[in-house]
Amino acid sequence: MKLDVSRPDLVVGVIGTGAMGRGIAQVAAAGGINVLMTDARPGAAAEARDFIGKMLERAAEKGQMTKEDAAASTGRITIVDSHKNMQPCHVVIEAIVENLDAKRALFAELEDIVTPDCIMVSNTSSMSVTTIGAKLKTPQRFAGFHFFNPVPLMKLVEVISGLLTEEWVCDALMALGKRMTREPVRLTDAPGFLVNQVGRGFSLEACHMVQEGVSNFADVDRVMRDVGGFRMGPFELMELTGLDVTQPASVLIYNQFFQEQRYRPSLIMQSRYEAGVLGRKTKKGFYNYDTSGKDLKAIVPPEKPAPAARPESVWVSKAEPEGSNKLVELLGKLGVTVEQGAQPSSKALILVTPIGEDATTAATSQGLDPKRVVAVDTLFPMVKRRTIMTTPLTDPAMRDAAHGLLASDGVPVTVCRDSPGFIAQRIIAMIVNIGCSIAQNRTASPADIDKAVTLGLNYPNGPFKFADVLGVKNIHRILDTMNKTYADPRYRPNIWLTRRAKLGVSVLTEET
């Protein structure tokens, strides 16, 4: 069986006209597709059609399409009374509440209404496609078709095959996604699919670090923006999305993976979720909000000014040659002459450049005075922000001297407490590890994983490019060290990553 989605008379049904449903209807209509749209709430579909019309008119005003095309697109949308009127559809897309029983009940009715060759799909963001379709009489024509919010702006759509989905169904959905001007990626069914799995590495590891006292919400966000290159920090992103969305999804993915520790939820998120402290929508979350003006603004604690202190002299450990060289070069630009002795002088500030190790381990394993040791993250460019780490015994005067020196050219410095891996090292290593796990499980190809993450999450790089840019062995080392330090299976390196680190090849390397 095959569906030609390029046919001019193609009809797509959309059930549920909330933010996702109306967005899907809009891009379908703009792609020249006839749309039947319905919602269980009386009047909701009409409101959605009016909203879509305004969005298309605005697009025409911006020159993104002609006024004629905007009017024609709106004209392709027809409101029907209920899903019982979806009989003419070639594809029906469900975008209702994320509730398994509700979705199953809808599709059970729908498959007796539509024609035998109609494709039925769910826009679920995290539920198993196989589970939703398991009780259908024809699960072979059922699949996942997961768009991202806001649909007209987010180009990605995940095409998910359930265990019983036939090949022609996903072939048709890939072509349909392109006709709707989206960028489709194909994957097999897995909890959280692709993008939501990777997103756990960003949000959960940030929470775990704050929970163990390594840093705070604002500093983690600053580091991930300025050092990691992300548009938003993890806590900023959760504030925008809302913990009423993020926390249940995290728990669902964790449980559907049978408590896989990489996805272990955070107590910080859970307590706020239970207290109703959800982010912008409740005007209180990880940040408080200024509600005095027209626009809601997060109240971000200001960074303290850099200390005026400077060290008498500086010695840089050569235990990590690449990091040492980068740091010595930077210090030269700051006008510092680094001590050249094999050991630091008695009053020197001691700088180390660990990858994955905490400052304490670097100091003790190298026989250095922990009271004078400050660790510097050199794995990332030290252009927009620098991150330093202290041991529990580091003299505050030495900490301030390191901070003042490294901020002396105007680049801000973030100080974190001792941790096996700096803030950006830990979060990005977890993103890479989850990406490799998805590839190892054959959920999607490495190239599609990177494509989906950059389009669906707006990350500066996908997991595989991050690993290749920062060094596959470096990423493996961070994870391996965290795993040994914490004795927590959450941090165990995935076998895909381990093998390629041992072989010295790109993580994009697939088996022949």
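Me: How much space lies in the largest pocket?
Reply: This is a predicted model, and every value given here is computed from it. The lining of the largest pocket is made up of 42 residues. The space inside the largest pocket comes to about 1400 Å³.

Me: Which residues lie nearest the centre of the largest pocket?
Reply: Several elements each supply at least two residues of the lining, including helix 1 (19-30), strand 6 and helix 9 (234-241). Helix 7 (195-211) and helix 10 do so as well. Of the 42 lining residues, those nearest the centre are Phe-148, Asn-149, Asn-196, Thr-241 and Val-245.

Me: How many residues of the lining of the largest pocket are nonpolar?
Reply: The lining residues divide into three classes. Five of them are charged and 15 are polar. The nonpolar residues number 22.

Me: Is Asn-196 buried or exposed?
Reply: Asn-196 lies in helix 7. Leaving out residues up to four places away in sequence, Asn-196 touches Ser-125, His-146 and Ile-253. A residue counts as buried under 20% relative accessible area. Asn-196 has 17% relative accessibility, so Asn-196 is buried.

Me: Is the peptide bond from Asn-149 to Pro-150 cis or trans?
Reply: Pro-150 lies in the loop between strand 6 (142-147) and strand 7 (156-161). For the bond from Asn-149 to Pro-150, omega is near -5°. This peptide bond is cis.

Me: Which residues lie closest to the centre of the second largest pocket?
Reply: The second largest pocket has a volume of about 770 Å³, and 30 residues line it. Helix 8 (217-226), helix 14 and strand 15 (413-416) each supply at least two residues of that lining. Closest to the centre are Asn-216, Asp-219, Lys-304, His-403 and Val-415.

Me: How many charged residues does the lining of the second largest pocket have?
Reply: By class, 16 residues of this lining are nonpolar. Seven more are polar. The number of charged residues is seven.

Me: How far apart in space are Asp-400 and Ala-308?
Reply: Asp-400 is in helix 14 (residues 396-406). Not counting residues up to four places away in sequence, Asp-400 touches Pro-307 and Ala-309. Asp-400 and Ala-308 are 92 residues apart in sequence. From C-alpha to C-alpha, their separation in space is 8.0 Å.

Me: Why does Asp-400 count as partly exposed?
Reply: Partly exposed residues fall between the buried class, under 20%, and the exposed class, over 50%. Asp-400 falls between these cut-offs because its relative accessibility is 25%.

Me: What is the phi of Phe-258 near?
Reply: Phe-258 is in the loop between helix 10 (243-256) and helix 11 (267-275). With 72% relative accessibility, Phe-258 counts as exposed. Its phi is positive, although Phe-258 is a residue other than glycine, and the value is near 55°.

Me: Where is Lys-283, another residue with a positive phi?
Reply: The phi of Lys-283 is near 60°. Lys-283 counts as partly exposed, at 47% relative accessibility. Its place is the loop between helix 11 and strand 9 (288-290).

Me: Which helix gives the largest share of the largest nonpolar core?
Reply: This core has 100 residues, and Met-86, Leu-194, Met-224, Phe-235, Phe-286 and Ile-427 touch the most other members. Twelve residues, the largest share, come from helix 15 (residues 423-440).

Me: How many residues are in the other core?
Reply: Another core lies apart from the core of 100 residues. Its members include Ala-60, Ile-119, Val-151 and Val-169. This other core has 41 residues.

Me: Which residues is Leu-194 in contact with beyond its neighbours within four places in sequence?
Reply: Leu-194 is one of the residues that touch the most other members of the largest nonpolar core. Its contacts beyond four places include Glu-158, Leu-187 and Ile-438. The others are Ala-444, Asp-448, Ile-449, Ala-452 and Val-453.

Me: What radius of gyration does the protein have?
Reply: The protein comes to 19 helices and 15 strands, and buried residues make up 54% of its 512 residues. Its C-alpha atoms fill a box of roughly 85 × 55 × 40 Å along the principal axes. A compact globule with 512 residues would have a radius of gyration near 24 Å, and the value for the protein agrees with that: 26 Å.

Terms used:
Residues numbered from 1 in each chain as written. Predicted model: local features only at pLDDT ≥ 70, side-chain atom pairs only at ≥ 80, totals over all residues. Heavy atoms only, no water. Core = buried A, V, L, I, M, F, W, Y, C linked by side-chain atoms within 4.5 Å. Buried < 20%, exposed > 50% of the residue type's maximum accessible area, 1.4 Å probe, protein only. Helix = DSSP H or I, 4+ residues; strand = E, 2+ residues; numbered from the N terminus. Contact = heavy atoms within 4.5 Å. 1 Å grid on protein atoms, 1.4 Å probe; cavity = no way out; pocket = protein on both sides within 12 Å on 5 of 7 lines; lining within 4 Å. Points joined across faces, edges and corners; volume = space filled by probe spheres on them. Nonpolar A, V, L, I, M, F, W, Y, C, P; charged D, E, K, R; others polar. Rg over C-alpha atoms; globule rule 2.2 N^0.38 Å.
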